[in-house]
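Q: Got a minute to walk me through this model? I'd like to go from the overall picture down to the ligand and a few single residues.

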Amino acid sequence: MTDRSALQAALAPIAAGRATVRVEGSRASIVLDVTGLPTAARDALEADVRAAALATPGIADVRVAQTSERVGRRLIAVASGKGGVGKSTVAANLAIALARAGRRVGLIDADIYGPSQPKLMAVEGTRPEAREKQLLPVETPYGVPLLSMGQLVPAGQAIAWRGPMAGGALTQLAEADWGLHDTLVVDLPPGTGDVQLTMIQKHKPAGAVIVSTPQDLALIDATRAIDLFAKAEVPVIGLVENMSGYVCPHCGEASEPFGQGGAEAAAAKLGIPFLGRIPLAMAVRQASDAGTPPAAGNGPEATAFHQIAGQVGEWLDRKEG
Ligand code: ADP
């Protein structure tokens with residue numbers, strides 16, 4: 001056996017095809033492909049490879065260089081014209097439903113006014129670690145790692161940030177160590193402020209999902225959000241009508257507190273796809289408060305979210321060609 005094949009055999013069980021080796025005399029040069037590994041795992045792998053190489057007979061000196069391909073990432077912005085329409089609820093459930101459909105999805109909570117994702121995703125009170133100035137997203141019980149503006153500052157302070165600070169924080173979240181998670185759902189603040197501008201200028205999303213309630217006023221605001229993306233040539237994936245129709249938990253009677261179908265008609269008028277409606281249901285609010293988003297379960301409330309995520313998934317497939 002040559003020294004090189006002996007070394008390669010020694011590294012095979014550890015590096016699983018990630019190591020390319022060269023041996024000159026007693027010196028081994030190893031190129032380690034760490035694509036998709038979080039920083040901590042990269043360093044652990046390098047240490048293991050180095051130790052195994054040094055334990056190989058005839059090798060006295062080991063050099064290891066890490067290399068990685070960039071994982072192409074795309075952002076999906078979830079936006080609304082005004083607050084309280086269920087944008088965060090839709091973002092969390094969309095991310096979970098896409099992950100359940102087999103995509104590698106991460107969630108960015110950029111809503112400085114009310115960063116609610118840590119609570120929705122059952123990781124309230126967590127702080128992300130940072131390695132080499134890069135944040136490590138926090139794992140959640142739903143297979144969707146999360147970074148939230150709310151994890152960077154004490155509760156209630158983010159709102160006092162000046163625009164550029166909020167924009168800079170978004171950059172930190174978007175450029176975190178997402179590993180192989182290549183689809184990032186971004187819960188934007190409502191309206192059309194600095195965070196939205198940074199998002200569009202520095203981290204142009206692949207597409208945007210707009211959330212509205214059926215009310216006229218909410219729809220007018222949603223139209224403004226749509227305009228913002230249209231001007232920046234960010235495709236609008238479609239419009240979601242939330243809090244559409246109310247099913248009484250006691251008698252089962254369906255009623256329409258905000259009317260119904262307004263968003264679908266508006267979408268048709270604006271020439272953007274209509275992705276579906278989510279009923280106003282006590283179960284949605286309760287599940288959100290409990291940190292168990294409906295899309296993670298199999299209850300009747302899950303269906304609407306999975307159908308919407310299915311359409312977003314198809315849109316992504318078409319985009320990837
Ligand atoms: P936004 O992000 O637009 O401010 P949230 O997602 O935080 O809105 O939702 C506002 C409130 O409405 C939350 O208490 C949430 O649980 C509740 N909510 C959202 N969508 C629904 C729904 N379809 N049915 C019942 N409650 C909902």
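What follows is a chat about the fold, the strands, the ligand site and some side chains.

Q: Before anything else, what kind of model is it, and how many helices and strands are there in the chain?
A: It's a predicted model. The chain has 10 helices and 13 strands.

Q: What does the C-alpha trace span along its principal axes?
A: About 80 × 40 × 40 Å.

Q: And what share of the residues is buried?
A: Buried residues account for 49% of the 321 in the chain.

Q: Let's do strands. Is β4 enclosed or open, and why?
A: β4 is largely enclosed by the rest of the structure, because 6 of its 6 residues are buried. For orientation, β4 covers residues 74–79.

Q: Which way do the residues of β4 point?
A: R74, I76 and V78 go one way, while L75, A77 and A79 go the other, and all are buried.

Q: What does β4 pair with?
A: One partner is β9, residues 183–187, in the parallel sense over 5 bridges. Within that pairing, A77 stands opposite V186. Another partner is β10, also parallel, with 4 bridges.

Q: Which residues face each other between β4 and β10?
A: V78 sits opposite V209, and the bridge partner of A79 is I210.

Q: OK, so how covered is β10 itself?
A: Mostly covered: β10 runs over residues 207–212, and 6 of its 6 residues are buried. G207, V209 and V211 point one way, with A208, I210 and S212 pointing the other way, and all of these are buried too.

Q: Where does the sheet go from β10?
A: To β11, residues 236–247, which runs parallel to β10 and is joined to it by 5 bridges. One of the pairs there is S212 with E241 as its bridge partner in β11.

Q: Switching to the ligand. Which residues come nearest to it?
A: There are 16 residues around the ligand, and G84, K87, S88, T89 and N242 come nearest.

Q: Where does the backbone come within reach of ligand oxygens?
A: G84 has a backbone N or O atom 2.8 Å from an oxygen atom of the ligand. For G86, a backbone N or O atom lies 2.9 Å from a ligand oxygen atom. K87 does this as well, with a backbone N or O atom at 2.8 Å from an oxygen atom of the ligand.

Q: How much of the ligand's accessible area does the protein cover?
A: 80% of the 560 Å² of accessible area that the ligand has on its own.

Q: Which elements give two or more residues to the shell around the ligand?
A: Those are α3 (87–100), β11, β13 (274–280) and α9 (282–289). So β11 turns up again here, having come up as the partner of β10.

Q: Which pocket does the ligand take up?
A: The space taken by the ligand is the second largest pocket.

Q: Now some single residues. Where's D289, and what does its side chain contact?
A: D289 is in helix α9, one of the elements in the ligand shell. Its side chain makes a polar contact of 2.6 Å with the side chain of R285.

Q: Is D289 buried or exposed?
A: Neither quite: its relative accessibility is 40%, so D289 counts as partly exposed.

Q: What about its distance to L120?
A: D289 and L120 are 169 residues apart in sequence, yet their C-alpha atoms are 6.6 Å apart in space.

Q: And D221, where is that one?
A: In helix α7, residues 216–231. The side chains of D221 and R224 are joined by a polar contact of 3.0 Å.

Q: Why does D221 count as buried?
A: Because its relative accessible area is 17%, and buried means under 20%.

Q: Last one: where's P154, and how does it compare on exposure?
A: P154 is in the loop between β8 (146–148) and α5 (163–174). Its relative accessible area is 46%, so P154 is partly exposed.

Q: How far is P154 from G125?
A: C-alpha to C-alpha, P154 and G125 are 9.8 Å apart in space, with their positions 29 residues apart in sequence numbering.

Terms used:
Residues are numbered from 1 along each chain as its sequence is written. This is a predicted model: local features need pLDDT of at least 70, side-chain atom pairs count only at pLDDT 80 or more; totals for chains, interfaces and linings use all residues. Side-chain values use heavy atoms; hydrogens and water are left out. Buried means under 20% relative accessible area, exposed over 50%, partly exposed in between (1.4 Å probe, protein chains only). Two strands pair if DSSP finds at least two bridges between them. A residue is near a molecule or strand if one of its heavy atoms lies within 4 Å of it. A polar contact is a pair of N or O atoms within 3.5 Å; within protein, one must be able to donate a hydrogen and the other to accept it, and residues adjacent in sequence count only if both atoms are side-chain atoms. Accessible areas come from the Shrake-Rupley method with a 1.4 Å probe; for residues, only the protein chains shown count as cover. On a 1 Å grid over the protein atoms alone, a cavity is a set of points where a 1.4 Å probe fits but cannot get out, and a pocket is an open set with protein on both sides within 12 Å along at least five of seven lines; lining residues have an atom within 4 Å of a point. A molecule sits in a cavity or pocket if more than half of its atoms lie within 2 Å of its grid points.
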